[in-house]
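Could you walk me through this model in my viewer, one selection at a time? I would like to know what to pick next and what I will find there.

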Amino acid sequence: MNANDVRDSFKRRFAGRIMAARTEIIKHKLKQVRHASRVWITVDSGELKNAVRHLCKITEHPHFIVISGYEKGKYLELTYHFSLNYASVMEEVVLSIKVRVSKENPVLPTITDLIPGALISEREMQEMLGVRIKGIPDSRRIFLHPGFPQGVYPWRRDETGPARLVRNLHKGGGR
Amino acid sequence: MRKAGDIIGQESRDTYSICVGPVHPALKEPVRLNLRVRGERIEHVDFELSQVHRGIEWMGTRRNPIQILYLSERICGICNICHTFAFCRAVESIAGIEVPPRARYIRTIVAELERIHSHILWAGVAAHELGFDSAMHYAFRAREKVLDVIENLTGNRIMKAIMMIGGVRRDMDKGQARLVMEAADFYSRCSRKLEKIFLGDPVIKSRTRDTGILTRHDCLALCSVGPTARASGVRKDVRQDEPYGAYPDVGVKAMTPDEITGETRGDVYDRIAVRLREIKQSADIIGRCVKDMPEGKIAHEDKANVLLGELRGVQGEGIGRHEAPRGEVFHYVKLVGEEAPYSWKVRAPTYNNLLSWIPMMLGAQIADIPVIAASIDPCMSCTNRAVVTGPGRRQVLGQDMLHDLSVKRTRELRRGLRP
């Protein structure tokens, strides 16, 4: 299953509910031409679980890489990165599924029931972006120290971000 | 906030809690393991990572891509090429920068030298954990050569600072190529000797065989990467699956234990075997790269300010991946046409491998903790003590004591093996 097949399979399954889908092939021109395949898909946040379920159906053991995320205006955008067809020579596809949740009610379902390896990343999203992961088996913090103030999310850019914890030495006064 | 001496989850009279770390001789990394043990058997595993979160990703979003190169080198002392390599690839894929072939070869050579140095360092530490200090000294002596070569190529023993977006910063001349070739030959021989020392030794074998097993099924479910995954029979290697740098020309094949010992069990022994054989594999890759190295430019753009100007107008998101000594390094970068990236996510291999400690340690013995913990080659920084608490008693297990326990177990085994 190559990058275009993966994209088309998602397009068929989520007709109308998929917001964007593209593939990207990066060519390496050396003595032999090789390429890296990337698929980027944006789905509605309510369809995240179904998208991961669909992914588990079309390939055996998708490899979960990580979730990346950032704040964009009123929304939080999270991208779930997976690797498919690994352990084969040059057929690997990196699939990134992007979802968008509003900052007022940032809730996403857990995918740890389908892919247990996603636990650390989901815990990270809870503390770093303030997304609530519904059904997460372990909701403790992971990278932030227990002494780090509650309600401050380091990856946010608004008033809940870490700006007030940063010492601006040039302003004087220090802590 | 809990202190190291507090009792964590004391369940009943039969079980007691033991916490190892955040600084510990075997872990060398700031992670704290909270274990519940019944007698000598481990029944529950939990870990805390929050010891040294430095906010590097946050710092990155306030710097330009060239500054981030040097910041990303400081994520990890050992994998400093890995993070810059992955970051460069992410930015290059967004900006559509083509890296000149010669630069790809130099990048590959330096990355493989780093793998040799990391694996030998790990072999030394593993030997020390087993109480086999002569092998540790042999490994550390062998590692000096690769550090000298790295110093010759880059100017530094550890922090290489050779990567640049679109190429590398330093070229390699003929004399250096000869030095690298010599080192590659040396490590081919060295890897055979290390294999003989580690894999042929009956004490190491009885100590590590069937210890800390990670089954193929658990490995796939927990998404392990690198030698940890390969030792469990999952042929996952970015150099093979999605070749980059000079790897398309070299053709790397993922190393699994069945090619070395004839079977795959996913235990500590297999992880040692895979890493030691990868030293030889790296030496071969370096040899081929030096032989086939094309002539030409070493960077897309020599002047940093011109490069920065070019990157300032770029928008988009990109992924950079690299097979580090411990597994896949993954960087996600989002550029929005400003000086600093809008978002930067770094995924180091240990991030995924940590969860695999749980199935490895369940049912193991306290004396096996250092060996199992070290077997995934965790990369996180170090309190040389563990506190054992139980009803009515409290005892501090220092570095010496825990290490002694491990050495004692090896000696007992050795006595048992003697005819």
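Start in chain A of this predicted model by selecting strand E3 (residues 63–72) together with E4(A): the two pair in the antiparallel sense over nine bridges. To get the register, click on A:His63, which stands opposite A:Ser83 in E4(A). Then go to the turn of this hairpin, where two residues lie between the strands and A:Gly73 takes a positive phi near 60°.

Keep E4(A) selected and add strand E5 (residues 93–102) of chain A. These two are also antiparallel, with ten bridges. A:Tyr75 makes a handy marker here, with A:Ser102 in E5(A) as its bridge partner. Is strand E4 (residues 75–84) of chain A largely enclosed or open? Eight of its ten residues are buried, so the rest of the structure largely encloses it.

Now move over to chain B. Its secondary structure comes to 17 helices and ten strands, and buried residues make up 55% of its 419 residues.

Select E6, E7 and E8 of chain B next. They form an open sheet of three strands in the order E6-E7-E8, with antiparallel pairing. E6 and E8 of chain B are the edge strands, each pairing on one side only. Neighbouring strands in this sheet are turned by 10° against each other on average, direction ignored. Zoom in on E6(B) and E7(B), which are joined by ten bridges and run antiparallel; B:His322 stands opposite B:Val329 in E7(B).

Add helix H3 (residues 80–95) of chain B to the view. H3 packs on the sheet and touches E6, E7 and E8 of chain B, its direction making about 150° with that of E6(B).

For a closer look, centre on B:Gly318, in strand E6 (residues 315–324) of chain B. Why does B:Gly318 count as buried? It has 23 other C-beta atoms within 10 Å, and the cut-off for buried is 20 or more. Leaving aside residues up to four places away in sequence, B:Gly318 touches B:Ala90, B:Val91, B:Ser93, B:Ile94 and B:Val333. Try a distance label to B:Phe87 too: the C-alpha atoms are separated by 9.4 Å, although the two residues are 231 apart along the chain.

Finish where the chains meet. Here 37 residues of chain B are in contact with 38 residues of chain A. Several elements of chain B each supply at least two residues to its side, among them helix H4 (101–129), strand E7 (327–336) and strand E8 (343–347). Colour that side by residue type and you should find 21 nonpolar, seven polar and nine charged residues.

Conventions:
Residues numbered from 1 in each chain as written. Chains lettered and ligands numbered in written order. Predicted model: local features only at pLDDT ≥ 70, side-chain atom pairs only at ≥ 80, totals over all residues. Contact = placed C-beta atoms within 7 Å. Helix = DSSP H or I, 4+ residues; strand = E, 2+ residues; numbered from the N terminus. Nonpolar A, V, L, I, M, F, W, Y, C, P; charged D, E, K, R; others polar. Buried ≥ 20, exposed ≤ 12 C-beta atoms within 10 Å, placed from the backbone. Pairing = 2+ DSSP bridges. Axes fitted to C-alpha atoms, helices over the stretch in contact; angles between N-to-C directions.
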